[in-house]
Structures are given as C-alpha cells and as structure tokens.
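Open the model in your viewer and keep the selection panel at hand. We will go chain by chain, one selection at a time.

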Amino acid sequence: MKKKKMIISQETMDVDFVRKVEALSGTSVRRCFQCGKCSAGCPMGTFMEHPPNRVVRLLQLGQWQRVLAGRSIWYCASCETCSTRCPNKVHLASIMDALRKLSWDAEGASKESYVQLANKLFLQNIRTYGRQYEMRLAAVFNVKSGQFLKDLMLGPKLFAKGKLKVFHSKNKNMSEIEKIFTRIEEMRKKGEAL
Amino acid sequence: MSKPNIMEYSYYPGCSLHASAGEYDLSTRELFKVLGIGLTEVPDWFCCGATPAHNVDELLSLSLCAKNLELADKVEGDLAVACAACFSRLKTTQHVLAESDVKRKQVEKAIDAPLKLEGKVKHLLEILATDLGLERLAAAVNKPLSGLKVACYYGCLLTRPTDVTNLDCVEAPTIMERVIEAAGATTVPWSHRMECCGANFTLSRPGVVIQLTNAILDSAKAAGADCIMVGCPLCHGNLDIRQKEIEGVYNVEYALPVFYLTQLVGLATGLGPDKLGLDAMIVNPTPLLKEKQLL
Amino acid sequence: MSRIGVFICHCGENISRTVDVERVAQEVGKLPGVAFSTDYKYMCSDPGQNLLKKAIQDQKLSHIVVAACSPRMHEKTFRKAVEAAGLNPFLCEMANIREHCSWVHENKEEATVKAVEIVGMMVERVKKNRVLPTITVPVTKRALVIGGGIAGIQAALDIADCGHEVILVEREPSIGGHMAQLSETFPTLDCSQCIMTPKMVDVANHPRIKLYTYSEIELVEGYIGNFQVTIKRKARSVNEDTCTGCGVCMEKCPVRKIPNKFDCNLGMRPAIYVPFPQAVPNTPVIDRENCIKFKTGKCGLCQKVCGPGAVDYEQEDSLVVEAVGAIVVATGFDLYTIDEKPKGSAIKGYGEFGHGKIPDVIDGMTFERLASASGPTGGKILRPSDGREPKQIVFIQCIGSRAREKGISYCSKVCCMYTAKHTMLYHHKVHDGQAYVFFMDARTPGKSYDEFWRRSIEEEEAVYIRGMVSRLYQKGDKIVVMGSDIAVGVQVEIEADMVVLATAVQPQKGADLLAQKLGISYDKYNFYSEAHAKLRPVECATAGIYLAGACQGPKDIPETVGQASAAAAKVMTLFSKDKLEREPIVARVKESGCVGCFACKKVCAYGAVEEKEIRDRQGNLIKTVAFVNPGVCAGCGTCQATCPSKCVELDGYTDEQVIAMIEAL
Amino acid sequence: MHSEKQKHTFEPKIIAFVCTWCTYAGADLAGTSRMQYPSNVRVLKFPCTGRIDPVFILKAFQQGADGVLVSGCHPGDCHYIAGNFHARRRFAVFRKLLEFVGVDLNRLQFSWVSAAEGGKWVEVVTDLTEKVRAMGPMTEFKELAMEEQWSGAIDTPELKEAYNQI
C-alpha cells in the first residue's frame with residue numbers, strides 16, 4: 001500500500017478539530033506520551049489499521065482525516081481497558097467516543113458501515129419504542145446490510161428458548177423520549193451543544 | 001403472610017432482561033424474594049442507550065441515563081441494576097455530570113428537569129456482597145454448590161472505568177468470587193476474567209465476537225472450570241448463545257454452561273430450575289448439575 | 001523625614017516585558033517620603049548594586065526599596081549592598097514584582113497597576129523599619145548525618161576527615177543502605193560490595209565518627225550552629241561494646257525461616273541476625289517479633305552460647321542527646337510497591353501485572369539480589385517459583401515512574417540504566433537466554449551512559465521494544481506478556497519465564513515525619529526541597545540543614561556521592577567560623593506595658609520566653625514581666641499576635657509596619 | 001491552555017496574609033512555573049501564620065479589601081513547630097466574631113499551601129477572586145466608614161443646606 005507523505009505545517013495541523021475532540025471527551029490529547037500501553041491491551045488491536053496509540057498520535061499532529069477515513073474508531077469495543085491502564089490519565093475510550101461522534105456528524109467519512117448501521121438502528125429503536133427489541137434490531141440490520149442469512153441458524157433456537165420476542169409494546173411515556181431527542185437536536189441547531 | 005422485606009430497592013432490569021435475558025430477570029426476582037429483598041421495577045424506564053449511544057452521541061447517552069435516574073428517583077430505595085452495561089452507563093453518567101458543569105447544563109436542558117444524581121446505583125453483586133453481606137448470604141444457602149468449579153467472568157464494564165463504578169478493585173476484583181464462594185462453590189483462577197467479549201459487535205461484526213469469545217472460553221476451560229458465571233446479559237449472549245457456533249469454527253468442544261450469578265446463587269438457596277429459567281440456557285446445564293448432584 | 005530610594009529592576013526582560021517599569025518608577029516617585037526613584041536593567045548585577053550604593057550616598061537616602069524578584073532570592077544581596085553603603089541593612093526591603101507579578105500575569109496594564117501597589121506597600125512599610133543590630137551566635141562544630149547509605153557515609157567521612165566530629169544515625173541495624181544490596185553498578189559494572197564495604201569499614205574505624213545504628217531521630221531543637229538532637233537507640237538486645245561478632249548466636253538460633261528483607265525476602269535469616277555478612281557494625285540484633293524468647297519466655301539459647309555474654313534480653317530503648325551545629329539529611333529512597341497501595345497514600349498499585357500473585361514477576365531490586373554473588377542464589381539467576389533458570393526474560397521500565405495515574409509524574413532517572421545493566425548481567429550469566437525490554441524512552445544522560453545502553457543492545461543482544469505492557473498473566477509455567485511495539489504498530493506477545501519490573505524511586509517511608517521534626521520543607525511526593533533549584537541545590541531553606549542523595553530526588557550513585565561531598569563542604573564552610581551572624585528578627589517585650597500574664601510563654605514553641613522580675617532600688621518586687629531570650633527566639637511572632645496588651649513586638653514585623661502596609665492599599 | 005480573557009465590571013481587592021516558609025514560597029513557585037492567576041491579590045509576608053493578628057484582617061476589610069486570604073504551612077509542617085496551630089485556633093474563634101460584626105465569612109478564606117504547591121496557590125487565589133467577584137463589593141465596613149463621616153463635619157453644600165433648613 002502506498003502511503004501519502006504527511007505534510008506538517010500550521011495549516012495542515014487542524015488544532016480546532018482536536019480542541020473539539022478534547023471538549024467532547026473531557027480529556028487531553030497532548031498529554032499522551034506514546035507509551036503504547038493502550039495498544040498493548042486493546043482486545044480489538046489486531047483488527048485496527050491504526051492501533052489506539054497511533055490514533056492519538058495522529059490527533060496530536062492534527063491529522064484527523066487520516067483517523068476518520070479508517071475503520072479503527074469503529075472497531076473500538078468501548079471496553080475501557082485503555083483508559084483504565086493509561087499511566088497518564090488519557091481517557092482514550094472517551095476520545096474514541098468523540099471521534100465517532102464527529103465522524104457520524106460528517107456522514108460517511110468512514111469506510112466502516114456495518115457498525116455505524118447497527119448503531120443507527122439501535123438509536124432509532126430507542127426513539128421509536130423506548131427500549132431495545134433484539135429481534136427487530138437483528139432483522140432490520142440483516143435486511144439493511146444485505147446479509148439476509150446472517151445468524152440464521154441462531155434464530156429458531158433463540159425463539160424456542162423464549163429469547164426473541166416478536167411482539168412488543170411501546171412505553172407509555174414515549175412522548176418524553178421523543179422530546180429528549182428533539183431538544184438535543186434543537187440545542188445543536190442553535191449551537192448550544194456539540 | 002410473608003415476612004416483611006429486610007431491604008428495599010428500586011429495580012432497573014434493562015432491555016435485555018425483558019427479552020433475551022429473561023432468565024436473568026426471573027432468577028433475580030426469585031432469588032431476592034427468597035433473601036427478603038424487595039424489588040420495585042422503575043415504571044416506564046427507557047433504554048439506557050448502552051454502548052451505541054455513547055459511541056456516537058455522548059449527550060444523548062447522558063440524557064437517557066439522566067432521565068432513567070430521574071424516573072428511578074420516584075421509587076423508594078437505591079437503584080438495583082442487573083446488567084453490567086446499564087450499570088456502567090448509569091454510574092458513568094452520575095460521574096460525568098458531577099464533574100462537568102457544561103455537560104450538566106446541557107443534559108438538564110435535554111431532559112427539561114433538574115438532575116437527580118444523588119441516588120445510589122448498585123449492581124446486584126454489590127447488594128449481595130455488601131448490603132446483604134456474605135454472612136447473611138451464606139446463611140440463606142441450604143444447598144451449597146459443593147464441588148462446582150466456577151470461572152467468574154467480569155467482562156469489561158463491571159469495574160471500569162477507574163473511579164467510576166467503584167464496584168471492586170479495578171484490576172484484581174474478587175467480588176464475584178466472594179459471592180459464589182459464599183454459596184459453597186469453588187472458584188478457579190483464570191487469565192481472561194476481564195478480557196472483552198466484543199459485545200458491541202455481536203450484530204455488526206460477529207466474526208470479531210467469535211474470535212474474542214473463543215479466547216475467553218478457551219482460558220476458562222484450560223483453568224479447569226465446570227461453568228462460567230456472569231453478571232451481564234451481553235457477555236452471556238456471546239458466551240452462551242454463540243458457544244456452539246464457536247465450537248464449530250475452531251473445532252473444539254467447550255460445553256461450558258454459562259450461568260447468571262442469580263441463577264447459581266438461587267440454586268444454592270434451593271430454588272428449582274423453573275424459578276431460575278435454567279431451560280432458557282442454550283448450553284444445557286443439566287448434565288453438569290446432575291453430575292454434581294445439584295439437581 | 002525619611003528619604004526613601006526606590007529601585008525598579010527590569011530583570012532583563014523578565015519584569016519589563018509585562019510591567020511598565022518606567023511608569024512604576026514615576027508613580028512611586030510621587031509617594032510622600034520617596035526622594036529618589038529609578039529603574040535599571042539588572043539591579044542585582046555589579047553595576048546595579050553600584051547604582052544603589054552611589055544613590056544612597058549622593059541622595060543621602062535613609063531607606064531603600066528594591067522592586068525586583070522574590071526576597072527569598074536576593075534580599076541578602078541588596079541588604080549587603082546597602083550595608084556597604086553605610087546604612088543599616090534592615091532599612092532595605094524588597095518588593096516582589098517578578099514571581100508575584102510579572103511572571104503570573106499577562107496583561108501589561110493590570111500588572112503595572114499591581115506593581116505600583118506592591119512597591120507602594122513596601123514604601124509605607126520601610127518608613128517604619130528600624131535599625132536592627134545583627135545578632136551573633138556561637139557555632140557547635142559537630143555535625144549530625146542522618147542516614148547511613150552511600151550519601152550519609154560519604155558526607156560523614158568528608159566532614160570527619162576535615163577534623164570535625166560527626167554523629168551518624170542509621171535506622172537499620174547496619175549502615176550500607178541500598179547500595180550494599182546492589183550486585184554490580186553501571187556504567188563500569190564494578191561490584192557494588194567491593195567499592196562499598198571499604199567505605200563502611202572506614203566509618204566504623206574513624207576516630208571522629210560516632211555511629212548510632214538501629215537508631216532514629218526523635219526530636220530536633222535549636223537552630224543553625226546550635227541544634228540539640230534527641231536520638232532514640234532502639235533496643236538491639238545485644239551489647240555492641242562486648243559483642244565480638246563471632247556469629248555463634250546466629251548459628252544456634254532455632255528460628256531459621258524468617259524472610260530476609262535485605263535479600264528482598266528471597267533468603268532466610270534467624271531471629272538473631274545481621275542483615276548481611278559484611279554488616280557494619282557486625283553486631284547482631286534480635287528481631288523481637290519472631291524471637292521465641294520474647295514470644296514465649298522460653299529458649300534463651302543465644303544468651304547461653306554467647307561467650308562474652310553480650311546478649312541482653314532486658315535492654316530497652318534509650319534516648320541520647322547530642323549537640324551539633326549542622327545536620328546533613330541523607331535518608332535516601334525506597335522502592336515503589338507494585339501490588340499494594342500504602343495506607344493513606346495517593347499512590348496506586350498495578351493490579352494488571354499480578355505482582356505478588358505470580359511468583360516470577362519480580363522487581364529490579366530482587367533481580368539485583370539474584371545477580372549478587374553474595375545473594376540468596378550465590379549470583380545465579382533462578383526463578384523464585386521453581387529454581388529454574390529463565391531462558392526468556394522480560395524487563396518492563398517505568399513501573400510507577402511517569403505514571404500520573406498512579407500518582408507519580410516524575411522520571412525515576414536510574415531505571416533505564418539499571419535495566420540495561422540487568423540485561424548485561426543476565427546475558428553474562430545465562431548465555432543461551434534472551435532478554436527483552438519494554439520501554440518508552442531511554443534516558444541515558446551521563447558520562448559513558450548512552451554508550452553503556454547501546455552496548456546492551458548491540459553487543460549483549462538485548463531486544464528493546466518501544467512500547468508498554470498492558471497485562472501479565474500466568475499460563476502454565478510461563479508468564480504471558482501482552483505488549484505492543486509502537487514502532488511497528490503491532491501487538492507483541494512474549495511467553496516469558498521471568499518478568500522484572502523497574503519500579504519507581506520514592507522517598508523513604510516516614511520522610512515527611514522526619515521533615516516535620518527538622519522543620520524542612522518537602523514536595524508532594526515527600527522528597528525534601530532544596531533552598532534553590534539551581535544555586536543552592538544542597539541546602540535546605542532552613543539554615544544549617546543540608547541534603548545529600550536520593551532523599552531530595554531520584555539520583556544515581558555518582559550524583560549522590562557528589563552531592564554528599566558538596567553538603568559536607570557546606571558544613572565545613574559553616575564550621576570555618578567561630579561565630580555566626582543571624583537575622584535579628586526576634587521578639588522584644590515592652591516591659592512597661594507587660595502585665596505578666598505569660599500568654600506569650602505558653603505559645604512559644606522554643607521556650608524563649610522567660611520570667612523577669614522588676615525590682616525597685618530597695619529590692620522590692622514591683623512586677624514580673626516576660627523577657628524574650630534573643631539567642632533562643634526563632635522569630636515566628638506567635639507571641640506578638642497572642643499578647644493581649646500588645647506588649648511583645650517582633651522586630652521586622654511590628655504592628656506598625658504591617659498596618660502601614662495595609663493602609664497603603 | 002489559554003482561556004479567553006473575560007472583562008469584568010467589578011475587580012475585587014484581595015489581601016493575602018501568608019507565611020514566608022510555605023505559602024510565600026509556594027506563590028514564588030507559581031511564578032517560576034509561569035502559572036497565571038488573577039491580578040487582584042496583594043501579598044503580605046509574615047514569618048509565620050502565628051504572627052497574624054486578627055486585627056490585621058479587620059484592618060484589611062476596613063481599608064477596602066473585598067476578600068482576605070490567610071494561608072500558611074500544612075498542619076505539622078510549620079517551620080516554627082506549631083505557629084500554624086496557634087493561628088488555626090485563633091482564627092476559629094475569630095470567625096465567630098467576624099460573623100457577629102456582620103462580615104460574610106465567604107470573604108475570608110484560610111488555606112494551607114506548601115512551598116511545593118504552586119498550583120494550589122493559583123487555585124486558591126483564583127477561586128477566592130471568582131467567589132468574591134460573584135459576591136460583589138464588600139459594603140458592610142464601607143457603610144460604617146460612611147457613618148463615621150456623617151457624625152463628623154458636614155462639608156457638602158447639599159448637606160449644609162439640608163441642615164440649615166431643619
């Protein structure tokens with residue numbers, strides 16, 4: 001694979017983006033001294049093209065495009081091992097959250113669509129039903145991702161064990177959840193929240 | 001007339017317990033009844049947003065949890081939480097909002113209500129080990145799980161992040177071991193008790209889950225465990241539901257029943273299989289329990 | 001009418017960058033009583049001081065305010081200059097417009113306004129300053145050295161060789177400290193014992209060194225030149241004067257299996273023991289917690305076999321008081337405990353490394369004992385679990401050091417070098433083995449240090465992996481090391497036979513308590529603070545107390561020895577005079593107003609307040625008043641704030657002066 | 001981190017009474033570390049907090065201070081063995097008196113800042129400045145001072161006129 005040379009200048013280092021990440025995550029990016037302990041313990045490390053420490057390194061250099069273009073942030077399992085063991089109190093799991101949020105806002109910046117799709121459906125479910133209904137989630141995911149037969153073998157078994165419920169009722173106070181969603185949308189529109 | 005309860009809690013089961021983890025819900029209610037602990041389900045609770053919400057939208061995640069904390073505040077007692085993910089999210093919300101004024105104001109605006117952060121959020125393990133106490137728990141045991149070698153699986157979210165859940169020591173917790181040893185079981189030391197099972201990817205990237213979960217099952221088997229005990233429906237989903245599939249992929253045989261902690265403790269207090277939802281387990285526990293003369 | 005001279009310093013650009021010094025000089029010049037006001041680039045420089053002296057003479061100035069850096073930096077300098085110009089030095093005050101103004105503010109207008117006010121305050125104060133005579137005190141030419149490691153030994157020998165008596169106090173039963181535990185030392189790989197033990201013997205044989213081992217400092221009273229130190233000599237249960245060090249008692253002791261702290265608990269010792277064979281003094285001590293005689297009253301074997309009858313079960317802790325003129329603190333370091341969190345400490349441990357649970361995960365000092373020819377394995381590198389030779393060994397650096405999360409932000413300085421040394425020792429002893437080192441940065445500044453590190457890689461074939469380790473776990477008889485190599489960007493897994501953790505250097509336990517007894521300051525980690533980071537690195541802010549070695553911050557042996565000799569030189573400088581001038585900041589009683597309530601006497605921590613009878617000519621007692629002994633008074637002023645009739649005054653900090661400052665605001 | 005400089009309408013005057021061994025040195029450290037804090041504070045140095053007479057605090061408020069900080073060595077760290085303990089006891093009693101006189105106790109802060117705690121000094125000074133700024137100017141003693149003026153000579157034309165009309 002050919003790698004693009006990184007041109008570093010005040011113009012190419014996007015400090016504003018990094019500040020946004022720091023504001024969202026409540027943790028410092030500069031503080032990381034690249035010891036690599038996060039990458040050492042990351043259960044998803046082998047799946048990522050940029051190991052966790054390099055994600056932070058690229059941020060330190062203001063090269064967020066390189067981060068968002070890859071799948072690494074979507075392959076983070078949010079297990080918090082990195083944050084727990086970081087000798088420097090860099091809360092990497094929160095940085096990952098912030099990056100995903102910013103990537104999500106920039107729609108389609110990343111190649112990883114399955115995880116994004118699953119997340120989107122999950123949140124839609126909350127907005128529509130108030131709670132998660134796994135059967136619906138799985139079915140819609142399979143349809144939307146074009147993997148009609150995925151986990152097909154598990155279905156009947158789960159069904160027999162009473163683990164999948166076909167019928168589900170909405171919460172009585174659904175209007176309240178809708179309000180939370182709309183209020184957050186409004187706050188963002190007005191620029192009151194990131 | 002039943003005796004009055006010795007403790008009262010509000011109860012947040014979480015989505016999974018109303019669906020794929022019905023047996024966790026059932027066994028929790030039955031066990032707590034036996035122990036004289038009252039559980040009142042928070043009316044009209046919402047999904048806490050779990051990992052997907054904070055993954056892409058922290059404000060939404062915080063708001064959903066804050067809303068649930070507000071709902072829970074209307075019910076007497078500390079909040080009992082069964083699912084490790086819900087537990088972690090609710091605790092994290094309390095922690096983050098107590099620390100950040102900015103986020104606090106945003107969330108208050110989103111839920112249009114003053115924040116209720118003072119209430120205590122407790123995982124079932126804490127209630128059993130600390131509030132009830134191991135001595136009282138042991139006293140309620142009339143069918144000790146003698147000879148049963150249990151691998152206690154913590155997963156990621158019970159103890160992490162540091163200073164947030166405060167359930168036990170972050171890197172070397174013993175709370176699960178203490179609880180199940182009080183029920184008469186033997187625990188095995190093993191290496192993967194806190195490795196991630198990849199729960200977040202169970203839908204989107206099952207391949208990842210299979211690889212990670214295999215390492216956990218392998219480690220538990222190598223340590224000589226008869227079964228695994230969990231306190232999280234998501235971990236359970238991967239370890240139990242996908243076990244057969246994993247055995248096929250890696251051409252191994254684990255046959256490790258995966259119990260919820262309330263199922264095993266319930267068994268020790270003499271509750272029958274029907275009250276514990278043992279039939280809902282995908283990896284059949286009956287042969288093991290029969291062998292150990294626990295059924 | 002006072003004629004005050006005000007001198008505003010630019011401090012190069014340090015002050016003038018944020019404070020408009022010319023404007024300050026102008027504004028202050030308008031204040032009543034100010035006869036002369038100017039600014040200058042470097043007031044502390046020779047021309048600056050000359051400017052001051054010349055102005056005093058030309059302008060006939062009566063009081064001086066120098067607005068510059070902190071008085072803690074240059075008050076002495078300017079007071080000396082003022083004195084040289086013929087004024088009493090205590091008629092000169094400093095206004096701190098650098099540390100408290102120009103360096104902490106960015107807005108020039110704000111900083112200038114503040115500077116004017118600060119200088120104005122000092123102008124009002126100095127008007128009320130009085131001429132104070134300097135006080136001289138005698139100097140006791142004996143030194144106390146606390147700590148018998150390499151730092152204390154070096155300082156004690158230097159001072160004693162110079163002809164002064166030295167009291168050396170060591171907490172453990174033998175001197176030697178951590179250096180005695182080391183196997184070989186970097187960067188020359190000479191044997192630590194070989195270079196250390198001759199020095200220990202020198203101490204024991206020195207006619208001017210009085211050695212108190214197994215002893216601790218109980219109380220420190222007095223001040224520079226005149227300290228009284230109470231030392232607690234813990235009961236050794238063996239008479240040091242009569243014991244010949246034959247060792248029969250140790251051979252006969254029936255209790256044999258007590259882990260020896262000196263060997264990092266790898267070796268065993270009896271209940272009556274010397275920590276190591278080369279101990280100085282070579283007098284055993286009875287560990288009363290483990291001795292059968294002390295636990296049950298039976299046994300008494302050691303007493304029976306002791307030829308000279310030195311074993312004494314009745315011995316009790318005793319106190320001795322020594323008068324000294326200077327104190328060298330050389331209490332050294334302790335190692336970070338990996339698996340447990342010391343009670344009440346903010347320092348956290350590492351659960352993820354399983355230290356204490358996995359027997360073959362050890363710390364660096366334990367490795368030193370394994371590698372030491374006089375250690376529990378006779379210098380063979382063997383696993384504590386099964387005694388096998390480890391063929392794959394992993395070293396992990398920065399355990400506790402540079403770990404803000406654990407509560408330690410500093411670099412421990414010596415670990416990079418000693419880990420490189422460990423890989424060499426390992427390679428020399430296990431020829432078919434392989435050493436791996438996980439590290440973040442290699443910090444090797446020092447003569448021949450980087451060359452040493454490179455040698456461990458290039459010639460001794462250690463594999464250095466830039467990256468840290470997330471977790472260790474036992475798998476069969478191996479330890480799985482989950483690390484990463486950030487240069488390659490991959491996770492690394494090594495199945496090791498042994499893992500050595502390079503743990504952080506921390507101050508000795510109880511360092512804070514000793515500091516409180518000495519009245520010296522310490523940082524948040526309990527390392528002792530020097531008076532000035534650059535210019536007074538071996539002196540404490542408290543006069544007459546000096547620092548040597550790792551009690552001040554992590555240091556290697558050459559640095560420690562250098563600092564110990566420097567501290568000794570400072571002590572010798574002090575001892576070169578028979579009398580010492582001290583600041584005349586002492587309390588005085590206005591006898592006419594004193595009602596003799598002696599509230600001042602009750603609060604005085606130094607016992608400086610005495611009762612003085614005032615009699616008429618016939619010898620009839622009129623009243624008893626308080627009297628402050630200026631030789632004993634330390635000048636804290638607590639008596640003055642306490643006095644209900646306002647009849648005690650602390651020279652230099654009188655009510656008049658303070659009120660004048662407040663009113664200037 | 002550079003925070004945006006805010007413009008304020010009210011700049012409180014803060015007077016700090018500190019001991020020379022711990023807090024003064026701590027403030028020096030804040031300087032040598034180039035930390036930034038509001039310029040409202042004026043520092044008065046004492047050998048020890050034990051020397052600080054409560055009268056000084058009253059005097060400071062009378063002279064127009066809006067907030068007063070008293071800071072010395074941590075308990076047990078006193079350079080003069082126990083001066084800070086005497087100070088602590090003295091001020092515990094003094095607070096009651098001050099409250100009685102009508103001073104909002106939030107304007108008076110006691111703290112321990114050691115020679116190594118430059119950061120803590122910055123924190124304490126910044127917090128107190130912001131707190132006092134939010135409370136507004138200290139008017140209680142100024143009113144008293146005004147009353148003193150009233151009882152004295154009548155020297156404005158308006159007052160003279162009003163007086164003559166009585």
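The tour below starts with the ground rules, then visits the chains.

**Ground rules**

This is a predicted model: local features need pLDDT of at least 70, side-chain atom pairs count only at pLDDT 80 or more, and totals for chains, interfaces and linings use all residues. Residues are numbered from 1 along each chain as its sequence is written, and chains are lettered from A and ligands numbered from 1 in the order in which they are written.

**Stop 1: the chains together**

Colour by chain. Four pairs of chains are in contact, and chains A and B share the most contacts. Contact here means that the C-beta atoms of two residues, placed from the backbone, lie within 7 Å. Now look for the pairs that do not meet. Chain A and chain D do not touch, with 10 Å between their nearest C-alpha atoms. Chain B and chain D have no contact either; their closest C-alpha atoms lie 15 Å apart.

**Stop 2: chain C as a whole**

Select chain C. Its C-alpha atoms fill a box of roughly 90 × 70 × 40 Å along the principal axes. Turn on the cartoon: there are 18 helices and 34 strands. Helices (H or I, at least four residues) and strands (E, at least two) are DSSP runs, numbered from the N terminus.

Next, colour by domain. The assignment gives domain 1 (4–127), domain 2 (235–316), domain 3 (338–506) and domain 4 (583–664). Such bounds come from an automatic or database domain assignment. The C-alpha centres of domain 3 of chain C and domain 4 of chain C are 61 Å apart.

Of the 665 residues in chain C, 51% are buried. A residue is buried if 20 or more other C-beta atoms lie within 10 Å of its own, exposed if 12 or fewer, and partly exposed in between, with C-beta atoms placed from the backbone. Among contacts in chain C between residues at least 6 apart in sequence, 70% join residues at least 24 apart.

**Stop 3: helix H2 of chain C**

Select residues 46–59 of chain C. This is helix H2, with 14 residues. From first C-alpha to last it reaches 20 Å, close to the 20 Å expected at 1.5 Å a residue; the expected span is 1.5 Å times one less than the number of residues.

Which residues of H2(C) are buried? They are Gly48(C), Gln49(C), Leu52(C), Ala55(C) and Ile56(C). They cover an arc of only 120 degrees around the axis, which puts them on the same side of H2(C). The arc is that of the directions from the helix axis to the C-beta atoms. Rotate to the other side of H2(C): Asp46(C), Pro47(C), Lys54(C), Gln57(C) and Asp58(C) are exposed.

Now show what covers the buried residues of H2(C). The cover includes strand S1 (4–9), strand S2 (34–40) and helix H3 (71–84) of chain C. Just after H2(C), stop at Lys60(C), which has a positive phi of about 55 degrees.

**Stop 4: a hairpin in chain C**

Select residues 215–223 and 226–233 of chain C. These are strands S11 and S12, paired in the antiparallel sense over eight bridges. Two strands pair if DSSP finds at least two bridges between them. Ser215(C) has Arg233(C) of S12(C) as its bridge partner. The two strands form a hairpin with two residues between them. Gly225(C), in the turn, has a positive phi of about 85 degrees.

Add residues 318–324 of chain C, strand S17. S12(C) pairs with S17(C) in the antiparallel sense over seven bridges. Here Arg233(C) has Ser318(C) as its bridge partner.

**Stop 5: a sheet in chain B**

Move to chain B. An open sheet of four strands runs in the order S2-S1-S3-S4, with parallel pairing. Strand S2 (37–41) and strand S4 (121–123) of chain B stand at the edges, each with a single partner strand, so one side of each is left without a neighbour in the sheet.

In the middle, S1 (residues 7–12) and S3 (residues 78–81) of chain B pair in the parallel sense over four bridges. Tyr9(B) has Asp78(B) of S3(B) as its bridge partner.

**Stop 6: chain D**

Finish with chain D. It has six helices and four strands, running β-α-β-α-β-α-β-α-α-α from the N terminus. Of its 166 residues, 46% count as buried.

Select residues 54–62 of chain D, helix H2. Its buried residues are Phe56(D), Ile57(D), Lys59(D), Ala60(D) and Phe61(D). Just after H2(D), Gly64(D) takes a positive phi of about 100 degrees.
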